[in-house]
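Hi everyone, thanks for letting me take the slot today. I'd like to walk you through a structure I've been looking at, so have a look at the screen.

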Amino acid sequence: MAEDQAAGAGQQQENKQQFGIRKIYVRDMSFEVPNAPAVFSGEWKPEVSVDLDTRNTQIAENTYETVVRVTVTAKQGDKTAYLCEVEQGGIFVLSGFDEKTLDALLGSYCPAQLFPYAREAVSDMVTKGGFPQMVLAPVNFEALHMQRRRKQQEQQQGASGQSGDGQAGN
């Protein structure tokens, strides 16, 4: 019985989950005002679009790089007032997680840790560029991750459905 308890304790230590942030950094950033100084004259009523993307790369055993890319484009009429892009990176150590949990951590939790840094960088660059502060709304990365997974599953189901229509092997 004591041996069973010792074996159980050893298994718990082997299956111990670990999540760590090794480094957070700006991978890339750029700010352009292609129509300066004309863009600063007149009333400021821009049309703003925000594009958000994430990616993950395994860089070593149990070590992953996550990058959140935010691109903000402000247009004044048909002219671009500014274009701001930030790639916020992070190195995360993740071990002891099953594949589904690891996927969820990399797809939603890690980007959520990086987004406040990217939001701050965008706000700083826009303000330093001479424009009113740009405060990005919070992002639900869990919902985005689930949406991306559903879309991938639909594409896989569509692809497997197409291969069963008698045209396989062409």
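I'll start with the overall layout, then stop at a few residues, and finish with a pocket.

One thing up front: this is a predicted model. So keep that in your head while I talk.

Okay, the big picture. The protein chain has three helices and four strands. If you start at the N terminus and walk along, the order of the elements is α-β-β-β-β-α-α. The chain has 170 residues, and 29% of them count as buried. And here's a number about how the chain meets itself: take the contacts between residues at least 6 apart in sequence, and 69% of those join residues at least 24 apart.

Let's see that with an actual residue. Find Glu32 for me; it's in strand β1, which covers residues 18–32. Is Glu32 buried, exposed or partly exposed? Its relative accessible area is 42%, and because buried means under 20% and exposed means over 50%, Glu32 comes out as partly exposed. Now, what does Glu32 touch if we skip its neighbours within four places in sequence? The answer is Ala81, Tyr82 and Leu83. Right by those in the numbering is Cys84, and the C-alpha atoms of Glu32 and Cys84 are 6.5 Å from each other, although 52 residues separate the two along the chain.

Since I've mentioned a cysteine, let's stay with those. Cys84 is buried, at 0% relative accessibility. Cys110 is buried too, and its relative accessible area is also 0%. How many disulfides does a search of the whole structure find? Zero.

Next, the loops, where there are a couple of backbone details to look at. Go to the loop between β1 and β2, and you'll find Pro37 there. The peptide bond between Ala36 and Pro37 is cis, with omega at about 0°. Then move on to the loop between β2 and β3, where β3 is 63–76, and look for Asn62. Its phi is near 65°, so a positive value, and Asn62 is a residue other than glycine. For accessibility, Asn62 has 29%, which means it counts as partly exposed.

Now over to a helix. Ser123 sits in α2, residues 99–128. With 9% relative accessibility, Ser123 is buried. Which residues does Ser123 contact, leaving aside its neighbours within four places in sequence? They are Gln133 and Met134. With Gln133 there's something extra: the side chains of Ser123 and Gln133 are joined by a polar contact of 3.1 Å.

Last stop, the pocket. The largest pocket holds about 180 Å³ of space. Two elements give two or more residues to its lining, namely β2 (47–60) and α3 (141–163). Which one gives the largest share? That's α3, with five residues. If you want to click on the lining yourselves, the residues are Leu52, Asp53, Thr54, Phe141, Leu144, Gln147, Arg148 and Lys151. By type, the lining of the largest pocket has three nonpolar residues, two polar and three charged.

So, what would I like you to take home? Three helices and four strands in the chain, zero disulfides, a cis peptide bond between Ala36 and Pro37, and a largest pocket that takes five lining residues from α3. That's it from me, thanks for listening!

Note on methods: Residues are numbered from 1 along each chain as its sequence is written. This is a predicted model: local features need pLDDT of at least 70, side-chain atom pairs count only at pLDDT 80 or more; totals for chains, interfaces and linings use all residues. Side-chain values use heavy atoms; hydrogens and water are left out. A disulfide is a pair of cysteine sulfur atoms within 2.5 Å. Buried means under 20% relative accessible area, exposed over 50%, partly exposed in between (1.4 Å probe, protein chains only). Contact means heavy atoms within 4.5 Å. On a 1 Å grid over the protein atoms alone, a cavity is a set of points where a 1.4 Å probe fits but cannot get out, and a pocket is an open set with protein on both sides within 12 Å along at least five of seven lines; lining residues have an atom within 4 Å of a point. Grid points are joined across faces, edges and corners, and a volume is the space filled by probe spheres set on the points. Ala, Val, Leu, Ile, Met, Phe, Trp, Tyr, Cys and Pro count as nonpolar, Asp, Glu, Lys and Arg as charged, and the others, Gly among them, as polar. A polar contact is a pair of N or O atoms within 3.5 Å; within protein, one must be able to donate a hydrogen and the other to accept it, and residues adjacent in sequence count only if both atoms are side-chain atoms.
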